[in-house]
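This briefing introduces one protein chain to a reader who is new to structural description. Please keep the sequence and the three-dimensional view at hand while reading.

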Amino acid sequence: MRLRLHCFLLLFILLPMLLKSQEEQVRNYAEPGYAKRWSLGLSFGPDFYVGDLTQNTLRFNKNTSLAGSLFTQYQFTNVIGMRIQLTGGWLNGHGNIVVKGQQVERTFTGIIADGTVNGMINFSNMLSPYRASRKFFVYGTLGIGYSAWYTKVLGVVYNADSISTNNPLNNFHHALVIPVGLGITYRAIDRLNLSLEWNFRFINSDLLDQTSGGAKWDMYDCLGIGISFNFGKPRSKSMKVKDYPMPAYEYKAPEQLPPPPVMPLNVINPPPPKVTLPSVQPDNYTYVVQIFAFDRHQYSSQWIKKRYKVPFEVRMEKEGKMERFLVGNYQDMNQAAKICKQMKKLGIRDAFVVAYQDGVRHHAVTP
């Protein structure tokens, strides 16, 4: 029992570190796709009894049975979640105990069911900020609940002489249970998850195996293979720029002046042609490139610069709940249009140019 518990604790500590992403980001953001979603699922696999009968010997083939569970869970954030779980299965146990100075072989069988409420911590998202492309997640669970079981020792004859002390009806018990688990989830598609979880269930009773003595807490552990379905909004594959009800003007290059007329060769010293220059009203526009805008999720300028490898300074402009992220500040529209094309090559497909007048946002420009 101690060896298996030590192995479990070692995996609980080391496995998240082995699967930790190498990408370092500024902070953890509640991006749609993992947080704020409900899941409904079931799992099935072997369960293993550990108790008084296994103190001197442990035979997996005689202490193993099958169990299954139905669960629903909710992710409050990318890291913290909650699960409500109903578990039921069979129990088998076999081992040696000392009775009146002699070692006696004893076997029991039975059924067990429990309901638990579990807190969940996603180690992958805790050690490295959530990314929409991540497929594997390592998590841990710790909870509390109530368990009920009926077990009986095999080979005991219940007759009139022993029914007062060995009544099979007295083999029904219930007690507090504390589940502790470690698992891995694989997100096959956005709506479907596959999981593998190793779960220890400590029962506040010494009568799980109908054998008293030794440890006051009997336990059994389950190795479950699960499948679950996600509900709620699908995850966002990429960050989108919010549409704005602002006028957009087509940028047109200034018209070229007509070439001067070609004079005949026989004209000597002709007077210069009269050309009327169009009046150009100077404006005080400056042009910037808007790459993102959000009103529901918070990102930092540093995070966006690093995520999309933007080679320029990214600054944020805040208006109410709206946060806009901008690049550059140019007097020349052509230069701003060039930077806008560069942003689109970096994967920011919705970048566009915005004209400012006297430092105030004026209109969007379509280059």
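Is Tyr 74 buried or exposed? Tyr 74 is buried, because its relative accessible area is 18% and the limit for a buried residue is under 20%. The model in which this value was computed is a predicted one. The points below begin with the chain as a whole and then turn to particular residues.

**The chain as a whole**

- The chain contains four helices and 14 strands.
- Of its 367 residues, 42% are buried.
- The accessible surface amounts to about 21,700 Å², and carbon and sulfur atoms contribute 62% of that surface.
- Among contacts with a separation of 6 or more, 71% join residues that are 24 or more positions apart.

**Aromatic pairs and a cluster**

- A pair of aromatic rings is described by two values, the distance of the centres and the angle of the planes.
- The structure has 12 aromatic pairs. One of them joins Tyr 74 and Phe 76, whose ring centres are 5.2 Å apart; the planes meet at 85 degrees, so the pair is edge-to-face.
- Whereas Tyr 74 is buried, Phe 76 counts as partly exposed because its relative accessibility is 40%.
- Phe 294 and Phe 325 make another edge-to-face pair, with 6.2 Å from centre to centre and 65 degrees between the planes.
- Phe 294 belongs to strand 10 (residues 285-294) and Phe 325 to strand 12 (residues 322-330), so this pair ties together parts that lie 31 residues apart in sequence.
- Both partners are buried: Phe 294 has a relative accessibility of 7%, and Phe 325 has a relative accessible area of 0%.
- Phe 294 and Phe 325 also belong to one aromatic cluster, together with Phe 292, Tyr 299, Trp 303 and Tyr 308.
- Phe 294 and Lys 318 are 24 residues apart in sequence, and their C-alpha atoms are 9.8 Å apart in space.

**Salt bridges**

- The structure contains seven salt bridges.
- One of them joins Glu 197 and Arg 83, whose closest N and O atoms are 2.9 Å apart. This pair links distant parts of the chain, since Glu 197 is in strand 7 and Arg 83 is in strand 3 (residues 80-99), 114 residues away.
- Glu 197 counts as buried because its relative accessible area is 11%, and Arg 83 is likewise buried, at 3%.
- Which residues are linked with Arg 324 in a network of salt bridges? They are Glu 317, Glu 319 and Arg 361.
- Within this network, Arg 324 forms a salt bridge with Glu 317, in which the closest N and O atoms are 3.1 Å apart. Arg 324 also meets the side chain of Glu 319 in a salt bridge, at 2.8 Å from N to O.
- Arg 324 is buried, because its relative accessibility is 6%. Glu 317, at 22%, counts as partly exposed, and Glu 319 is partly exposed with a relative accessible area of 49%.

**A nonpolar patch on the surface**

- Trp 38, Leu 40, Leu 42, Leu 70, Leu 86, Phe 229 and Phe 231 form a nonpolar surface patch, and together they have about 720 Å² of accessible area.
- Strand 1 (38-50) and strand 8 (218-231) each provide at least two residues of the patch. The largest share, three residues, comes from strand 1.
- Phe 231 is located in strand 8, and its relative accessibility of 44% is why it counts as partly exposed.

**Residues in loops**

- Asn 63 is placed in the loop between strand 1 and strand 2 (64-75). Asn 63 is buried, with a relative accessible area of 1%, and its side chain reaches the backbone nitrogen of His 94 at 2.8 Å.
- Most residues other than glycine have a negative phi.
- Gln 210 has a positive phi, near 55 degrees, and is not a glycine. Gln 210 lies in the loop between strand 7 (192-203) and strand 8.
- Lys 309, which is not a glycine, has a positive phi of about 55 degrees. Lys 309 lies in the loop between helix 3 (301-307) and strand 11 (314-319).
- Gln 210 counts as buried because its relative accessibility is 17%, whereas Lys 309, at 67%, counts as exposed.

Definitions and conventions
Residues numbered from 1 in each chain as written. Predicted model: local features only at pLDDT ≥ 70, side-chain atom pairs only at ≥ 80, totals over all residues. Heavy atoms only, no water. Patch = residues over 30% accessible without salt bridge, like charges linked within 9 Å, V, L, I, M, F, W, Y side chains within 5 Å. Areas by Shrake-Rupley, 256 points an atom, 1.4 Å probe, with all protein chains shown as cover. Salt bridge = Lys/Arg side-chain N within 4 Å of Asp/Glu carboxyl O. Buried < 20%, exposed > 50% of the residue type's maximum accessible area, 1.4 Å probe, protein only. Polar contact = N/O pair within 3.5 Å; in protein donor to acceptor, adjacent residues only side chain to side chain. Contact = heavy atoms within 4.5 Å. Phe/Tyr/Trp six-rings, centres within 6.5 Å; stacked < 30°, edge-to-face > 60°.
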